[in-house]
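Hi everyone, thanks for making time. I'd like to walk you through one structure today, so have a look at it first and then I'll talk.

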Amino acid sequence: MKSPTYWDIAQKAGVSTATVSFAMGSNLRKVSVATRDRVVKLATEMGYRPNPLRSAWQAEVRSRRALPVQAALGF
């Protein structure tokens, strides 16, 4: 059986996918404790498991250094 997505969890919880992302991720201050607990409980009941390949890719993306902005303005 396919693991539910953030969209599936959001539809069932009645919240946005961004709220599900914030509740399931490390940025816990953007949602209330009650909402986070409700979303995490629902995700567990639905059988949600994070994709290990996507998690590894996101970790790689986050670890890259930001490139300095270089712009040329002309008048």
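**A walk through the helices**

Let me start with one residue, Lys12, which sits in helix H1. Before I go on, please keep in mind that this is a predicted model.

So, Lys12: buried or exposed? It's exposed, with a relative accessible area of 59%. Even so, Lys12 has partners beyond its sequence neighbours within four places, and those are Leu42 and Met46. Gln58 is another story: 46 residues from Lys12 in sequence, and 25 Å from it in space, C-alpha to C-alpha.

Now step along to Ala13, also in helix H1. Ala13 comes out at 12% relative accessibility, and the cut-off for buried is under 20%, so Ala13 counts as buried. Which residues does Ala13 touch, leaving aside its neighbours within four places in sequence? That would be Arg38, Val39 and Leu42. Leu42 is also on the contact list of Lys12. If you want a distance for Ala13, take Thr35: the two are 22 residues apart in sequence, and their C-alpha atoms are 9.2 Å apart.

**Zooming out**

OK, the whole thing. What does the protein have in the way of helices and strands? Four helices and zero strands, so to speak an α-α-α-α pattern when you read along the sequence. The radius of gyration is 17 Å, whereas the globule rule gives 11 Å for 75 residues; that's well over, so the protein is more spread out than a compact globule. If you'd rather think in boxes, the C-alpha atoms fill one of roughly 55 × 25 × 20 Å along the principal axes.

How much of the protein counts as buried? Of the 75 residues, 19%. The exposed area is about 6,400 Å², and carbon and sulfur atoms supply 56% of that. On contacts, take those with a separation of 6 or more: 45% of them come from residues 24 or more positions apart.

For the charge people in the room, there are 12 positive and 4 negative charges, and their mean positions lie 5 Å apart.

**The tyrosines**

Next, aromatics. The count of aromatic pairs is one. The partners are Tyr6 and Tyr48, in a tilted arrangement, with 5.6 Å from centre to centre and 40° between the planes. Why does this pair tie together parts that are 42 residues apart in sequence? Because Tyr6 lies in helix H1, residues 6-13, while Tyr48 lies in the loop between helix H3 (33-46) and helix H4 (52-63). As for solvent, Tyr6 has 27% relative accessibility and counts as partly exposed.

**Two more stops**

First stop, Lys30. You'll find it in the loop between helix H2, residues 17-24, and H3. Lys30 is exposed, and its relative accessible area is 54%. The cut-off for exposed is over 50%, so that's how Lys30 gets the label. Ala18 is 12 residues from Lys30 along the chain, with 9.8 Å between the C-alpha atoms.

Second stop, Leu53, in helix H4. Is this leucine buried or exposed? With 69% relative accessibility, Leu53 counts as exposed. From Leu53 to Ser16 you cross 37 residues along the chain, and the C-alpha atoms are separated by 24 Å.

To recap: four helices, zero strands, a protein more spread out than a compact globule, and one aromatic pair, formed by Tyr6 and Tyr48. That's my tour, thanks for listening.

Technical notes:
Residues numbered from 1 in each chain as written. Predicted model: local features only at pLDDT ≥ 70, side-chain atom pairs only at ≥ 80, totals over all residues. Heavy atoms only, no water. Helix = DSSP H or I, 4+ residues; strand = E, 2+ residues; numbered from the N terminus. Rg over C-alpha atoms; globule rule 2.2 N^0.38 Å. Buried < 20%, exposed > 50% of the residue type's maximum accessible area, 1.4 Å probe, protein only. Contact = heavy atoms within 4.5 Å. Areas by Shrake-Rupley, 256 points an atom, 1.4 Å probe, with all protein chains shown as cover. Lys, Arg positive; Asp, Glu negative; His and termini not counted. Charge placed at Lys NZ, Arg CZ, Asp CG, Glu CD. Phe/Tyr/Trp six-rings, centres within 6.5 Å; stacked < 30°, edge-to-face > 60°.
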